[in-house]
Each structure stands twice: as structure tokens, then as C-alpha cells.
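Reader: Could you take me through one part of this model up close, and then show me how the rest fits around it? I'd like to go residue by residue where that helps.

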Amino acid sequence: MKFALVFVLFSGKFGAPPERAPEDPWFGRDKLYHFVGSAVIQGAGHAIGRSAGLDYRDAAWTAAGLTLTAGVAKELYDRADGRFFSWRDLAADVAGGATGEMLIGQI
């Protein structure tokens with residue numbers, strides 16, 4: 001996991017904006033999709049972890065890793081497809097995952 005994070009942060013032109021950066025507002029439909037999708041992935045990952053016998057903490061961290069992996073994979077896919085790699089989308093993913101985990105903790 002640490003290697004993947006280092007790779008993402010220090011891989012050349014990886015996060016560099018294109019010559020003309022597209023509009024990427026903090027709030028919009030795309031960010032809502034990232035937020036909700038990450039909350040669902042976090043919740044499902046946590047439930048699957050608990051079903052597999054993990055304790056609460058381990059299930060939460062495993063689900064967080066799954067959620068972050070899905071978010072980074074989506075942005076890598078966007079970048080490979082010629083679209084913009086959005087750090088704001090990743091922020092929405094993190095916020096959604098944290099919210100999903102907080103909601104799981106209330107049950």
C-alpha cells in the first residue's frame with residue numbers, strides 16, 4: 001500500500017494538468033457520484049470484512065483501502081483515457097469513504 005501511494009505521488013507527469021485544465025468545481029454532480037460511490041464501497045467492504053470474520057477495526061481499514069484503491073483506479077483510468085486526473089475527485093472519494101464508515105459505526 002505504501003509503495004502504491006509513493007508511486008501515485010511521484011510518478012513524473014502523472015498528476016500534471018493538461019495544457020488547458022478543464023473546469024473542475026468542488027461541488028457538482030461528478031463529486032456527488034464520487035462521494036456516494038465511495039460511501040457504498042466503504043460500507044460494502046466493511047460488511048464483507050465483518051462477514052469474513054475480521055474485527056471492526058480491521059474491517060474498517062480493509063474497506064478504506066478498497067475504497068481508496070477504487071478511487072485511484074478510476075482517476076488512473078480517466079488519465080489513461082485522455083481525461084483529467086482530478087485530485088478533487090479523490091477528495092470526494094475520501095470524504096465519502098469516511099462518511100460511509102461513520103454511518104457503519106452508528107449501526
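Here is the part I'd like to hear about. What does Ser86, in the loop between H3 and H4, touch, and is Ser86 buried or exposed?

Author: Happy to. Bear in mind that this is a predicted model, so let's begin with how far to trust it. The average pLDDT of the protein is 84, and 79% of the residues reach at least 70. Confidence bottoms out in helix H1 (residues 2-9), with a mean of 52, and peaks in H2, at 94.

The overall layout is quickly told. The protein has four helices and zero strands, and along the sequence that reads α-α-α-α. Of its 107 residues, 29% count as buried. Take the contacts with a separation of 6 or more: 68% of them link residues 24 or more positions apart. The exposed surface comes to about 7400 Å², with carbon and sulfur atoms supplying 68% of it.

Now for your residue. Ser86 sits in the loop between H3 and H4. Ser86 counts as buried because its relative accessibility is 2%, and the cut-off for buried is under 20%. Setting aside residues up to four places away in sequence, Ser86 touches Asp24, Lys31 and Glu75. With Asp24 there is also a polar contact between the side chains, at 2.6 Å. Two of those partners turn up again among buried residues: Lys31 in H2 and Glu75 in H3.

Ser86 has something going on at the start of H4 as well. There, one of its side-chain oxygens comes to within 3.3 Å of the backbone nitrogen of Arg88.

Arg88 takes us over to Pro25, which is in the loop between H1 and H2. Pro25 and Arg88 are 63 residues apart in sequence, yet their C-alpha atoms are 8.1 Å apart in space. Once residues up to four places away are left out, Pro25 touches Lys31 and Arg88. So Lys31 is a contact of Pro25 and of Ser86, as the contact rule of heavy atoms within 4.5 Å has it. Unlike Ser86, at 2% and buried, Pro25 has 39% relative accessibility and counts as partly exposed.

The residues on either side of Ser86 deserve a look too. The count of aromatic pairs comes to one. That pair is Phe85 with Trp87, arranged edge-to-face, at 4.9 Å centre to centre and with 65° between the planes. The two rings belong to residues in unlike settings: Phe85 is buried, at 1% relative accessibility, while Trp87 is partly exposed, at 41%.

Next, the helix that comes before the loop. H3 (residues 56-80) has 25 residues, which at 1.5 Å a residue should span 36 Å, and its end C-alpha atoms are indeed 36 Å apart. Its buried residues are Ala59, Ala60, Ala63, Gly65, Thr67, Gly71, Val72, Glu75 and Asp78. Just after H3, Gly82 takes a positive phi of about 85°.

On the other side of the loop is H4. Its 19 residues should span 27 Å at 1.5 Å a residue, and the end C-alpha atoms agree, at 27 Å apart. Asp89, Leu90, Ala92, Asp93, Gly96, Gly97, Gly100 and Glu101 are buried in H4, and the cover over these buried residues includes H2 and H3.

Gly100 is a good place to see that cover. This glycine lies in helix H4 (residues 87-105) and is buried, with a relative accessible area of 5%. Beyond its neighbours within four places in sequence, Gly100 is in contact with Ala39 and Gln42, both of which are among the buried residues of H2. The C-alpha atom of Gly100 is also 8.5 Å from that of Val36, 64 residues away along the chain.

That leaves H2 itself. Helix H2 (residues 29-51) has 23 residues and reaches 33 Å between its end C-alpha atoms, close to the 33 Å expected. Lys31, His34, Ser38, Ala39, Gln42, Gly43, Gly45, His46 and Gly49 are buried there, under cover that includes H3 and H4. Just after H2, Gly53 has a positive phi of about 100°.

Back to your question, then: Ser86 is buried, touches Asp24, Lys31 and Glu75, and reaches the backbone nitrogen of Arg88 at the start of H4.

Technical notes
Residues are numbered from 1 along each chain as its sequence is written. This is a predicted model: local features need pLDDT of at least 70, side-chain atom pairs count only at pLDDT 80 or more; totals for chains, interfaces and linings use all residues. Side-chain values use heavy atoms; hydrogens and water are left out. Helices (H or I, at least four residues) and strands (E, at least two) are DSSP runs, numbered from the N terminus. Buried means under 20% relative accessible area, exposed over 50%, partly exposed in between (1.4 Å probe, protein chains only). Accessible areas come from the Shrake-Rupley method with a 1.4 Å probe; for residues, only the protein chains shown count as cover. Rings of Phe, Tyr and Trp (its six-membered ring) pair if their centres lie within 6.5 Å; planes under 30 degrees apart count as stacked, over 60 as edge-to-face and the rest as tilted. The expected span of a helix is 1.5 Å times one less than its number of residues. A polar contact is a pair of N or O atoms within 3.5 Å; within protein, one must be able to donate a hydrogen and the other to accept it, and residues adjacent in sequence count only if both atoms are side-chain atoms. pLDDT is the predictor's confidence in each residue, from 0 to 100.
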